[in-house]
Every structure is written in C-alpha cells, then in structure tokens.
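Welcome! Here is a short tour for anyone meeting this structure for the first time. Please take a look at the sequence and the model, and then read on.

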Amino acid sequence: MNSILYIVIPCYNEQEVLPETSARLQDKLARMMQSGLISSLSRVMFVDDGSRDKTWEIISQLHSQNKLFSGLKLAHNKGQQSALLAGLMSAKSYADCVISLDADLQDDIETLDEFVQKFDEGCDIVYGVRSARNTDTFFKKFTAESFYKFMKLLNVDIINNHSDYRLMSKRALDALSEYGEVNLFLRGIVPTIGYKTDIVYYERHERFAGESKYPLKKMIAFAIDGITSFSVKPLNMISGVGIFLSFVSVIGLIYSLISYFAGWTVPGWTTTVCSIWLLGGIQLFCIGVLGCYVGKIYFEVKKRPRYLVDMIVNDNDTEIDADALSDKVKKM
C-alpha cells in the first residue's frame, strides 16, 4: 500500500549508538522502499530528551546529510515516556503509521516488515513481543515476569513481554492524543485504546554500545509508576490489611484477658517490642502507598505540560531515492 512510515526513537545521551543505529535503519528503510512496502516520504525521527552530550549535534548532522533522518529536541529532560509521546504526537501529522523503537536497536528491526504488513491488513496497533528472555540475567528475567504477573493480578490490561516496540496507526495516535494524564505509562495506556490489534514476535539483541538508561533504580520507579497509574487495588489491600490486623488485635486482647484472669501472665518485653516494630513497619508502608497516589493527584491537578519542544528538523515533503540510500549504505 506504500504507506508513509515514521520510526520514532527517544534518545538520552546516545552519542555512542546513533552512528550505528542510523546506518542500520538507513539500510533497512532503503530495502523496504525498494520493495514498495513503504513510501519514499517515510522518515526516522530521533527525539532528543534533553541530552547532555552530543546527541543533538549528531541528529542535526544526520539530517543535513540525509533527509531520511529528522529530529525533535525537547527543552528539558522529561523522561523516556514523555519523549516518546512527543515524537508520536509530532509524527502523526505526517505519517500513516508510526513505529517506536529504542535507540540501541536491541529490538529486531528486521521485523519492521511484519509490522507494516499487519498494518496494511487493517491493524491499528501492532505490539512487538519478545519470544524469549534468553539474553536477560536471572534477576532481570525474574523481576520482569513478576511485574507482568502482578499487573495481571491487579486486572491491568498489559501485554506480556512487550516494552515500547509497537506500531500505531494515525487513527490510534489521534485516540492517544485524547489522553491527558501527566503520569505516563504507555504500555498500560495503549491497550485501553481498543481498535484492531496484533502481535509480532521477535528476539531481543544485546546492546551494541553505550550503557543502559534504565538501571535498577529507574526500573523499580517505572514499575511502581505503572502499578499506581492503572489500579487502586493497592489502596484496597491497605484496607484489607487494616481489617485483618484489627481482627488479630481483638484475638490478642481476648487472649491477654484470659491469661490475666488465669494467672498465666509473664513479662513479655520481646513480644511487645516485636509487635511495635511490626505494626510500625506496616503503618509506614501503608502511608507510603497512600503517598504515591496523593503525589500522582498533585501532579495531575497542576496540569503542567508533559513536554516542551525546543527545535524540530524535518523535511517531510521531500521524497527519498531508495536506490541512492542503498548506494550510500554500501559506501559507508
């Protein structure tokens, strides 16, 4: 159908991977154009999320050398989800469909053809799902699988082993633009859109350069954000814990009275201290969960912009010569 495809890639301090990433994508899109799968107006859009290295300089240079590459520069670092949303909302003005990718290309770009083919068959959203987690450490695999299972337990509609590798049609992106929440968790938001969906399975590669921008601390924060953004069950659990402890307290009171009148009482310093620490820890945990929800309400009520665009470079009306792209790739 020769659809116009935009590939949106959020970038934060990615100067080490951008040269290789751009070369691989240039080769892949050239082949897709030559086969007639996508239009010569298709583009790769890099979104610079307030990087502190030479990321934007490289993006600007790529654009000046080849109109296949476009760029969007945010005024401040707003996080991967906001940067991705900024790219999606910008690209939907030019594209028939948009595919989001990570800058390190750990997601297999050779499956891009399958995404577009499913779009041509009428799918508005196509999810990239990992077929296996063989490249992950035991800890990462265990925590990731536990996260998805816990989200399912909370009745959150989320796709297992899916990150942010997905295709969205212009219609789906228009629907996404109606969501005004500041606390973004796109993996949970996108499935709520509806429309026709499908899945493309792929194997994830090792990162070929640079360091991961998602260390353990950020992964935990991201997981907590996802859980509290799409379910109030943790609040219900707090109520359940409170009722249970009240019931246990009544039993303890009855036991204490019986012990007193029966003459069984003995000094119990250890029991008292342990009880105080246990109940104190539970109370602090419950207050922390409540604080997460209150904090989210605080940010949502202020309605601050999710991102601000500083600069954009994009020649969206210039057709790309696929054969010339292939020649450039051979020379590189």
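## A first look at the aromatic pairs and salt bridges

Tyr94 is partly exposed, with a relative accessible area of 29%; here buried means under 20% relative accessible area, exposed over 50% and partly exposed in between, with a 1.4 Å probe and protein chains only. Before we go further, please note that this is a predicted model, in which local features need pLDDT of at least 70, side-chain atom pairs count only at pLDDT 80 or more, and totals for chains, interfaces and linings use all residues. Residues are numbered from 1 along each chain as its sequence is written, and side-chain values use heavy atoms, leaving out hydrogens and water.

What does the chain contain? It has 11 helices and 8 strands, where helices (H or I, at least four residues) and strands (E, at least two) are DSSP runs numbered from the N terminus. Of its 332 residues, 43% are buried. Contacts, meaning heavy atoms within 4.5 Å, often span the sequence: among those between residues at least 6 apart, 85% join residues at least 24 apart.

Now back to the rings. A search of the whole structure finds 4 aromatic pairs. Rings of Phe, Tyr and Trp (its six-membered ring) pair if their centres lie within 6.5 Å; planes under 30 degrees apart count as stacked, over 60 as edge-to-face and the rest as tilted. Tyr6 and Tyr94 are stacked, because their ring centres are 5.8 Å apart and their planes lie at 25 degrees. This pair links distant parts of the chain, 88 residues apart: Tyr6 is in strand E1 (residues 5–11), and Tyr94 is in the loop between helix H3 (80–91) and strand E4 (97–100). Tyr6 is buried, with a relative accessible area of 0%.

Tyr165 and Tyr202 form an edge-to-face pair, with 5.1 Å centre to centre and 85 degrees between the planes. Tyr165 belongs to strand E6 (residues 162–169) and Tyr202 to strand E7 (residues 197–202), so the pair ties together parts 37 residues apart in sequence. Both Tyr165 and Tyr202 are buried, and together with Phe115 they form one aromatic cluster.

Next come the charged side chains. A salt bridge is a side-chain nitrogen of Lys or Arg within 4 Å of a carboxyl oxygen of Asp or Glu, and by this rule the count comes to 12 salt bridges. The table includes three of them.

| Salt bridge | N to O distance |
|---|---|
| Glu110 and Lys28 | 3.3 Å |
| Asp315 and Lys67 | 3.2 Å |
| Asp198 and Lys118 | 3.2 Å |

The last of these pairs ties together parts 80 residues apart in sequence, because Asp198 lies in strand E7 and Lys118 in helix H4. Asp198 is partly exposed at 28% relative accessibility, whereas Lys118 counts as buried at 18%.

Which residues are linked with Glu110 and Lys28 in a network of salt bridges? They are Asp27, Arg31 and Asp113. Lys28 is buried, with a relative accessible area of 3%, while Glu110 is partly exposed at 40%.

Lys28 is also one of the buried residues of H1, among them Leu25, Leu29 and Met32. Helix H1 (residues 18–34) has 17 residues, which at 1.5 Å a residue should span 24 Å, and its end C-alpha atoms are indeed 24 Å apart; the expected span is 1.5 Å times one less than the number of residues. After H1 comes Gly36, with a positive phi near 80 degrees.
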